[in-house]
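Subject: Handover of a structure and notes on it

Dear colleague,

Please find the structure below, followed by an account of what was found in it. I would be grateful if you could read the notes with the structure open beside them.

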Amino acid sequence: MSNTVISVENLSKAYRLGQISSGTLSDDIKVWWAKARGKPNPLLKIGQEDHGNREGEYLWALRDINFSVDEGGVLGIIGRNGAGKSTLLKILSRVTAPTSGYIKVKGRIASLLEVGTGFHPELTGRENVYLNGAILGMKRSEIDRKFDEILDFSEVEQFIDTPVKRYSSGMYVRLAFAVAAHLEPEILVVDEVLAVGDAEFQRKSLGKMGDVAQQGRTVLFVSHNMSSILRLTQEAIVMEHGRLAMRAASPAAVDYYLSAGNAQAGERVWEDEEIPASAQPFRPVALRLLDRKGKVVETVRSVEPFSIEMEYRLTAPLTGLRIGLYLNSARGDQVLTTFDTDDGERFEEYTSRPAGHYISRCEFPKDLLNDGRYIIGVNASSYRVRRYFMDEQALAFNVDPSGAPGMQWSEPRPGALRPRLEWKIENQ
Amino acid sequence: MDTGSSMAKTKTALSILGPAASDKWDMIIGPQRRVFDLRLRELWHSRDLIGLFVRRDFVSVYKQTILGPLWYLIQPLLTTIVFTVVFGNIAKLPTDGLPSFLFYMAGTVIFTYFASCLTKTSETFVTNSNLFGKVYFPRLSVPVSILISNLIAFAIQFALFLVFMGYFAIKGTLLHPNWWVLLTPVLLLMMAGLGLGFGIIVSSMTTKYRDLRFLVQFGVTLLQYVTPIIYPLSSMSPKYQALMRLNPLTSIVEAFRYAYLGSGSVNFLQLAYSFGVMVIAIIAGVLLFNQVEATFMDTV
């Protein structure tokens, strides 16, 4: 029996670009007055001569979004930065209102856009548990009831009566997450909050999220981490430039997301506006997958060598720069990590790189990868100094297994690697 | 607000699907809230939260200070001493025959309650933007918690005032506390209401016009001089008195002083006027607050 608990109808949200308000209080009062008397579009009245297209002054963070979620459903929301995910979450969390359209909700909704919201450094752990719980919408009696459980989960029993400003960042996050994890709304909206704390704690948090889903509660889960999307959700929507690009079973949605946005299959080109200012002086240009003849391809053969090249510019000299490639399976399992200065000689040679245009190309041997879909992540950093640039899902590609060892059997073969190994059979 | 209104066309097109269309839903998030949808019930449900905010404000303010909560006493005491020296001893302003120390203290204690309610609530959106940007809870719980935590501070300061009253009485000064002291809760309510009303008007407007914050600091100082705190209303010429009575605080301060010290006046018409101003300020403030709340994250 399906029972719709969230229904998003024609939801749109526009942000005004440039300066907010017309600039002076008196102009705004005039506008407001015109509006109050029911004059149409008062902004035009005070606008300068005519720009024609008012549309140009707005950024549509969301445009005509429609979807619904059934009770007990766990829906993933994926999309690149700026695709509108956060805006959607903010509207769902009632932090901001939509420009048009509605979201209808059945049941209590709680959102976790951040852990530890409202934690006050001067208050003790105990006081903060109560404060944070209340901010997230729990009643005092509810927190009383769950306090021991929260304490247990957080692993900070000893320090519960110490002001949280004395906590290590790990303890702080654990306590904060513990409170959040014990919310019991019918609908839970979760942002990237799981990406906190150490690996072990992350595992525990993910497990807890899984439990929440198992208990039949409805969860909306936003993440950049495709493996957690695949692990926690059965279904996902993909957002693109403020629109809903697709809704499908999670593996299909993840696949679509990973291959969408590439100008050409087998190549990821970065436009200037996509590059965060913090990347300076590193400017990524393109990441390409090349077959053994140097042609850009989307699918490589398992039995042939291939290469991955990263093209970039440096607007200033950099010391200690290394370009890293991460190879993951589409399921989210890590296959390998490699850096362009892994080799000792190469490392000595490129202690610093002058400004200029570069390509770092990595050759992969034949008979390496198994049949399937892979994701390349790229990273530019100076070890223990700074990370200039990172794109964990820059490019996706397929590996075609024809001719690989064991192809005489049509069964799927688990594992990311498919090397040609030497077997000896002795008859004794 | 700009964003919302200029998209009016899109909105009307969709209003067929609007809130009225379905009532089986527990909550409908839409572009604009109805003007009078104040959701006071929600505010009532978040009383635990309000209590915790009060506690947080009270505990955190004086943590890591040497004198701790004693600051609640030192502030009005120093103000009163400065007033006594400057206005009483040097400028020799009249105080209706009362000891100038008590006279100033009475005015300061009640005015401070108003002033701190006003300044603190006026910063609601700006100081809490981080919190408001991450999670929803009834936003009005913040200004309400401010009124309550300031009430605690007032209680401490008021107790100090009573101690000094006792001291002066023992020393033989003639004081005339009278039945009007029963009006104290009403006077406090009016001070709180005025502080809240004007405070949330300002806080709603500061989401766009930051300059209002400076105006508040400055305005409170000025207001202190056009409210009969350092001088009795009776010392003014009738023309100025009429002008002073436009200030809704005037009658409250005068009534407070009359009730405890026996000087000043209780004027019902005046109090009714102040009450009216308070009601209007609160209604205007809450409506404005309610509208701004929906989209302020986009402008703050």
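In chain A, strand β11(A) and strand β13 (residues 306–314) run antiparallel and are joined by eight bridges. Within this pairing, L287(A) has M310(A) of β13(A) as its bridge partner. Please note that the model is a predicted one.

Strand β11, which covers residues 282–290 of chain A, is also joined to strand β10 (residues 267–269) of chain A, here by three bridges and again with the strands running antiparallel. In that pairing, V269(A) is matched with A286(A) of β11(A). As general background, strands of a sheet pair through backbone hydrogen bonds, in either a parallel or an antiparallel manner.

Chain A also contains an open sheet of five strands, with the order β12-β20-β19-β15-β16 and mixed pairing. Its edges are held by β12 (299–301) and β16 (334–339) of chain A; each has a single partner strand, so one side of each is left without a neighbour in the sheet. On average, neighbouring strands of this sheet are turned by 30° against each other, with direction ignored. At the β16(A) edge, the partner is strand β15 (residues 321–329) of chain A, which runs antiparallel to β16(A) and is joined to it by five bridges. Y326(A), for example, has T337(A) in β16(A) as its bridge partner.

Turning to chain B, which helices deserve a look? Helix α6 (residues 100–122) and helix α13 (residues 248–261) of chain B have axes that come within 10 Å and cross at roughly 135°. This angle makes α6(B) oblique to α13(B), and the crossing is right-handed. On the α6(B) side, the contact is made by L102(B), F103(B), A106(B), G107(B), I110(B), F111(B) and F114(B). On the α13(B) side, L249(B), V253(B), F256(B), R257(B), Y260(B) and L261(B) take part. By character, the residues of this contact comprise eleven nonpolar, one polar and one charged.

Finally, is T207(B) buried or exposed? This residue lies in the loop between α10 (184–206) and α11 (211–225) of chain B. T207(B) has 23 other C-beta atoms within 10 Å, and because 20 or more count as buried, T207(B) is buried. T207(B) and M278(B) are 71 residues apart along the chain, and their C-alpha atoms are separated by 23 Å.

With kind regards

Methods
Residues are numbered from 1 along each chain as its sequence is written. Chains are lettered from A and ligands numbered from 1 in the order in which they are written. This is a predicted model: local features need pLDDT of at least 70, side-chain atom pairs count only at pLDDT 80 or more; totals for chains, interfaces and linings use all residues. Axes are lines fitted to C-alpha atoms, for helices over the stretch in contact, and angles run from 0 to 180 degrees between N-to-C directions. Helices (H or I, at least four residues) and strands (E, at least two) are DSSP runs, numbered from the N terminus. Angles under 35 degrees count as roughly parallel, over 145 as roughly antiparallel, 65 to 115 as roughly perpendicular and the rest as oblique. A crossing is left-handed if the near helix is turned anticlockwise from the far one by less than a right angle, and right-handed if clockwise. Two residues are in contact if their C-beta atoms, placed from the backbone, lie within 7 Å. Ala, Val, Leu, Ile, Met, Phe, Trp, Tyr, Cys and Pro count as nonpolar, Asp, Glu, Lys and Arg as charged, and the others, Gly among them, as polar. Two strands pair if DSSP finds at least two bridges between them. A residue is buried if 20 or more other C-beta atoms lie within 10 Å of its own, exposed if 12 or fewer, and partly exposed in between; C-beta atoms are placed from the backbone.
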